[in-house]
Amino acid sequence: MPNDDIMELTIAELAPKIKAREVSPVEVTEAALAKAERLQPKLNSFITILYDQARDQARQLEAELMRGEYRGPLHGIPVGVKDNLETAGIRSTVGTKVLANNVPEQDAFVVTRCREAGAVILGKENMEEFAAGSTSSNIHYGAVHNPWNLDYIPGGSSGGGGANVAAGVTFASLGSDLGGSVRGPAHCCGVVGIKQTYGRVSQRGLMVTSFNGDHVGPMTRSVQDSAIMLQVIAGYDPLDPSTVPVPVPDFSASLGKDLRGLKVGVPSDYYFDLIDPEVETAVRKAIAALGELGVEIIEVSLPSMKYAGALRIAGMADSVVTHEPYIKSNREDYGPTVLYRALAGQFVLGTDYSKALKVQRIIKEEYARVLQDVDFLATPTGPVPAWRIDSDTVTLDGVAYPSRGPGSGMTARCTSPSNSTGLPAISIPCGLSEQGLPIGLQLIGRPFEEELLYRASSAYEAVSPVLGKRPPVS
Amino acid sequence: MTISAETLKAMIRDFKGFELSDEELELVRPELESYLREVELLKELDLSGLMSSRLLRAKEEGDAIA
């Protein structure tokens with residue numbers, strides 16, 4: 001099978017070919033490495049490409065297949081790993097110069113799970129410095145470019161992963177999401193990204209993380225592939241107290257099931273208050289398409305979202321504490337956007353931190369109440385499509401908002417609330433802007449009901465106007 | 001609400017002796033102002049009667065773990 005054809009497949013399409021030995025893990029890995037090498041000068045999506053390790057892994061996995069040993073649907077599938085996830089013996093920089101020579105001794109829990117499932121780790125992916133932003137324009141390792149238009153950001157902070165999955169360099173990438181860092185790149189790059197329920201996936205080995213709603217999540221080219229990836233990485237980890245010991249269902253079981261009888265809530269507050277008209281049109285068309293699939297559309301109200309900005313207060317304080325071990329002794333190695341944004345956390349008063357946690361409680365209760373009346377919510381993933389790499393602001397309704405560093409946050413306003421509530425949220429491509437940049441639809445569900453989100457999003461995916469569309473750079 | 005530059009510098013200095021120039025302080029200010037706007041908005045909200053959201057999980061045999 002020609003290399004480029006292999007790299008166009010989804011995991012669900014490729015896995016049976018590997019199992020049947022029609023395509024070998026070595027062949028797939030060589031195709032992925034060749035594509036990574038070809039596109040790295042354009043996308044700058046990797047910090048480290050693991051040529052030797054990936055080939056060694058592929059040879060081992062091929063030998064297993066020849067012995068009749070098949071690990072499952074990730075056997076021999078090349079995946080990318082964000083550079084803030086620990087990889088044993090492999091440099092893991094968190095996108096910062098401070099940790100440029102950091103080589104962990106252990107794999108992150110999710111990396112171990114992927115290796116055990118037979119995935120080939122293709123490389124460590126470029127990202128925002130310290131995962132603190134939504135551009136992936138990294139001051140130390142260079143900007144990641146969007147394969148739909150190289151002059152535009154891929155979203156962040158897991159931008160390398162989003163770009164790689166969209167361009168067909170990897171079949172899936174593991175990112176992290178503290179305010180939308182998986183869903184943002186999914187929105188900007190036209191791929192599927194899920195931030196599952198807080199506690200569903202272990203964060204062990206996620207570096208320089210926050211106490212305030214960080215998650216590890218996959219980006220893929222299809223909803224089915226997302227279900228396959230989450231199946232591999234989900235589950236209780238006794239060494240991570242944030243994980244919850246609940247059963248892990250078969251996430252693929254409900255794919256393709258009828259949506260009739262389900263109810264979707266469309267918030268009348270907050271999510272559509274500040275939004276690019278093209279994004280709003282695409283998202284409302286997607287919601288109408290859900291209606292045509294049999295879902296009852298109900299307008300819902302989330303009035304407490306008026307105070308959603310307060311959710312960032314706790315994050316500010318957490319940020320300065322998180323950076324404390326590095327910031328004083330490595331001041332010169334920090335980029336200005338992260339440095340000055342982190343330092344602002346020093347001003348947060350304890351009383352305000354406490355109030356922020358109470359606001360978080362109010363908002364969580366409000367979502368829980370609304371999700372008793374509907375099965376899931378539908379919102380935009382981002383208020384605007386991707387913006388130009390060389391732009392420091394995003395203009396909406398005549399107001400220029402900072403797109404990076406202190407005072408930024410507007411671009412993550414639709415994703416970050418789910419980090420505070422801990423509710424599962426998935427982004428699925430639903431349109432392209434006039435400039436040809438992707439737009440994402442976000443579905444938010446009840447705790448531990450990712451299966452329902454997959455059911456709804458896979459049904460929508462089949463009728464999406466962008467189904468099968470690929471970026472110019474691939 | 002406006003906080004003087006000297007007060008802000010003193011607060012930053014409290015962070016392991018970190019010194020900021022006036023120019024650097026201006027780079028921090030947008031984040032600070034965003035914080036102060038949110039705090040101001042919270043003044044209209046009654047936060048006194050909320051129940052704790054601390055999570056305890058019960059083991060099957062009845063013990064509780066935090």
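**Reading a two-chain model**

Trainee: Before we start, what kind of model is this?

Mentor: It's a predicted one, so keep that in mind as we go. Let's begin where the chains meet.

Trainee: Okay. How many residues does each chain bring to the contact?

Mentor: Chain A gives 35 residues and chain B gives 30 residues. Another way to read an interface is by the area it hides: about 3,300 Å² is buried between chain A and chain B, with 67% of it on carbon and sulfur atoms.

Trainee: And how many salt bridges are there between chain A and chain B?

Mentor: Four. Try finding Arg312(A) and Glu31(B), which form a salt bridge; their closest N and O atoms are 2.8 Å apart. There are also eleven residue pairs in polar contact across this interface.

Trainee: Which helices of chain A each supply at least two residues of the side that touches chain B?

Mentor: Look for α10 (311–327), α11 (336–343) and α12 (350–373). On that side of chain A, 19 residues are nonpolar, six are polar and ten are charged.

Trainee: Let's try disulfides. How many does the structure hold?

Mentor: First, the general idea: a disulfide is a covalent bond between the sulfur atoms of two cysteines. Counting over all chains, the structure holds zero.

Trainee: Why is there no bond from Cys188(A) to the closest cysteine sulfur?

Mentor: Check the distance. The closest cysteine sulfur is in Cys189(A), and at 6.4 Å it is too far for a bond, because the cut-off is 2.5 Å. For Cys114(A), the closest cysteine sulfur is again in Cys189(A), but 20 Å away, also too far for a bond.

Trainee: Is Cys114(A) buried or exposed?

Mentor: Buried, with a relative accessible area of 0%. Cys188(A) is buried too, at 4%.

Trainee: Now the backbone. Which peptide bond is cis, with omega near 10°?

Mentor: The one from Gly156(A) to Ser157(A). You'll find Ser157(A) in the loop between β5 (142–143) and α6 (159–167) of chain A.

Trainee: What about phi? What is special about Tyr270(A)?

Mentor: Its phi is positive, about 70°, although Tyr270(A) is not a glycine. Tyr270(A) sits in the loop between β9 (263–267) and α9 (277–292) of chain A, and at 12% relative accessibility it counts as buried.

Trainee: Where does Phe448(A) lie?

Mentor: In the loop between β15 (438–445) and α14 (450–463) of chain A. Phe448(A) has a positive phi as well, near 60°, and is partly exposed, with a relative accessible area of 25%.

Note on methods: Residues are numbered from 1 along each chain as its sequence is written. Chains are lettered from A and ligands numbered from 1 in the order in which they are written. This is a predicted model: local features need pLDDT of at least 70, side-chain atom pairs count only at pLDDT 80 or more; totals for chains, interfaces and linings use all residues. Side-chain values use heavy atoms; hydrogens and water are left out. Contact means heavy atoms within 4.5 Å. Buried area is the accessible area (1.4 Å probe) that two parts lose on being put together, summed over both. A salt bridge is a side-chain nitrogen of Lys or Arg within 4 Å of a carboxyl oxygen of Asp or Glu. A polar contact is a pair of N or O atoms within 3.5 Å; within protein, one must be able to donate a hydrogen and the other to accept it, and residues adjacent in sequence count only if both atoms are side-chain atoms. Helices (H or I, at least four residues) and strands (E, at least two) are DSSP runs, numbered from the N terminus. Ala, Val, Leu, Ile, Met, Phe, Trp, Tyr, Cys and Pro count as nonpolar, Asp, Glu, Lys and Arg as charged, and the others, Gly among them, as polar. Buried means under 20% relative accessible area, exposed over 50%, partly exposed in between (1.4 Å probe, protein chains only).
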